[in-house]
Amino acid sequence: MLTNSDTIAAISTPPAVGGVSMVRISGSNAIDIAAKIFRPAGKKNISEMAGYTACYGGIYSGGEKLDDGVLLIFRTPHSYTGEDVAEITCHGGLLVTRRVLRACLDAGARMAQAGEFTRRAMLNGKLTLTQAEAVADVINAKSDGYLRCVNAQLDGALYRKITAVKELLTDMASELTAWIDYPDEMDEPFDYTEGKQRLKDGISAVKELLDGYGVGQLMKDGISVAIVGKPNAGKSTLMNLLAGCERSIVADIEGTTRDIVEENVILGGVPARIADCAGIRDTDDPIEKIGVEKMRRRIQQSDVIFALFDNSRPLSEEDRALMEEVKGKNVLCIVNKQDLSSELDKQFLENSFSHIIAISAKNEDSLKTLDKAARELINPEKLDISAGFIANERQRESAVSAKKAMESALNAMEQEMTPDIVGVTLETALDNLSQLTGESMSEQVIDRVFSRFCVGK
Ligand SMILES: Nc1nc2c(ncn2[C@@H]2O[C@H](COP(=O)(O)OP(=O)(O)OP(=O)(O)O)[C@@H](O)[C@H]2O)c(=O)[nH]1
Ligand SMILES: [Mg+2]
């Protein structure tokens, strides 16, 4: 536990005007500090308030009343940080909230650093490092799917999975130690048969986690999608359908969209940044030419391409040029204007693309078809939300190193090397896994993790 003088305070709500704001105080002096600035409306004595109780009253700075508010008390160890915590909720004005914080600091608290409340929670054993990282991910989650994943993580899913692998390695290492310590008493060479199988199980558990990393990142950071096609195919109409508003200009004039128009949406359960591009065609118009070049670059930078074809017109040179441009990319072929009579060689498109749908971008029902197709393309279900997942580069680095060390150990076993050699590689794997879960972690890494947090969390 930290020292008495080290009681911290911060505004835990966003720095914006709202209905209410909250100032959080944590540390051994939290309740005394709250008592200095908060006067309950009734006869309540703050120092005698039990944990999980609240009272209404006035908030004061010196003799001056700042606001009315509510004080909520948590007693150690039953609080977020594990320390005594007081939360003062006041009206959500920027000035009044800052004045309440200033009053806490004047009464003896120190300004909290970014993530310091969560850091204390971890140091006091309320959270593991991977759970603390999940707290930041909950705050930053942009899609329902990702929120469900990080909630499983917050529940300790990754920690449990890694702990199971660690237990397996620890058992093996202790069996080897007996052999290493008393080699003269062992007449037979060490039998690795069972150990090899157990190690293979451990490697596949870590590999499974690493395989889900890409999908986890997609769900976290989102994907970039480029809508491309020839002029008038209906790209901007599709953009507006996805955006749910008139984001792009739609007109029956070829070359309407010139610059890239972007919007953030949720697509196939993941956040997506959609780019409506200029139509592909040869043009003498210098401005449109720039737009077409930008579209080409965007195709290369995007994770997913929506390639639009117009059902009411035969395949043209521009369509074929587009098919060349998107080769090798993750493409959803969209045949648009399904409500009009068909002039398009759909069979040719079906032979050329593995994902193809037919819609009418003017019709809202098309959203369901688009969402289903996007799910098949992105496949967020690959991520088993209940199983825990590797959520960031720090965790991935440790998992990769652990897997490498486990593979070396397996290799050493297969070559019948002596238990001391196998033991060293197992220890390395264990160390890497402990770094992942945070049990063996340098101050520097912990600083890096918590610098991602906002002040007040
Ligand atoms: N009937 C029908 N018309 C559509 C559909 N989608 C788009 N359109 C019409 O097609 C015309 C061109 O639509 P846009 O969305 O502007 O086409 P675009 O691909 O963005 O065109 P450029 O910006 O010029 O490259 C407009 O008149 C739309 O109303 C559809 O599904 N059915
Ligand atoms: Mg357009």
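## Domain layout

The centres of domain 1 and domain 2, taken over C-alpha atoms, lie 43 Å apart. These values come from a predicted model. The protein chain is divided into three parts: domain 1 covers 8–112, domain 2 joins the segments 132–212 and 388–441, and domain 3 spans 225–382. Domain 2 is thus written as two segments, 132–212 + 388–441, and the range of domain 3, 225–382, falls between them in the numbering.

## The surroundings of ligand 1

Ligand 1 is surrounded by 24 residues. The closest of these are G234, S236, T237, T257 and G279. Helix α9, made of residues 235–243, contributes the most to this shell, with three residues.

In chemical character, the shell around ligand 1 contains 11 polar residues, seven nonpolar residues and six charged residues.

## A six-stranded sheet

Strands in a sheet are held in pairs by backbone hydrogen bonds, and the pairing may be parallel or antiparallel. In this model, six strands form an open sheet with mixed pairing, in the order β9-β10-β8-β11-β12-β13. At the edges stand β9 (261–267) and β13 (356–358), each of which pairs on one side only. On average, neighbouring strands of this sheet are turned by 25° against each other, with direction ignored.

Within the sheet, strand β11 (residues 304–310) and strand β12 (residues 331–336) run parallel and are joined by six bridges. One residue pair can be located in the structure: D310 has N336 in β12 as its bridge partner.

Terms used:
Residues are numbered from 1 along each chain as its sequence is written. Chains are lettered from A and ligands numbered from 1 in the order in which they are written. This is a predicted model: local features need pLDDT of at least 70, side-chain atom pairs count only at pLDDT 80 or more; totals for chains, interfaces and linings use all residues. Domain bounds come from an automatic or database domain assignment. A residue is near a molecule or strand if its C-beta atom, placed from the backbone, lies within 6 Å of it. Helices (H or I, at least four residues) and strands (E, at least two) are DSSP runs, numbered from the N terminus. Ala, Val, Leu, Ile, Met, Phe, Trp, Tyr, Cys and Pro count as nonpolar, Asp, Glu, Lys and Arg as charged, and the others, Gly among them, as polar. Two strands pair if DSSP finds at least two bridges between them. Axes are lines fitted to C-alpha atoms, for helices over the stretch in contact, and angles run from 0 to 180 degrees between N-to-C directions.
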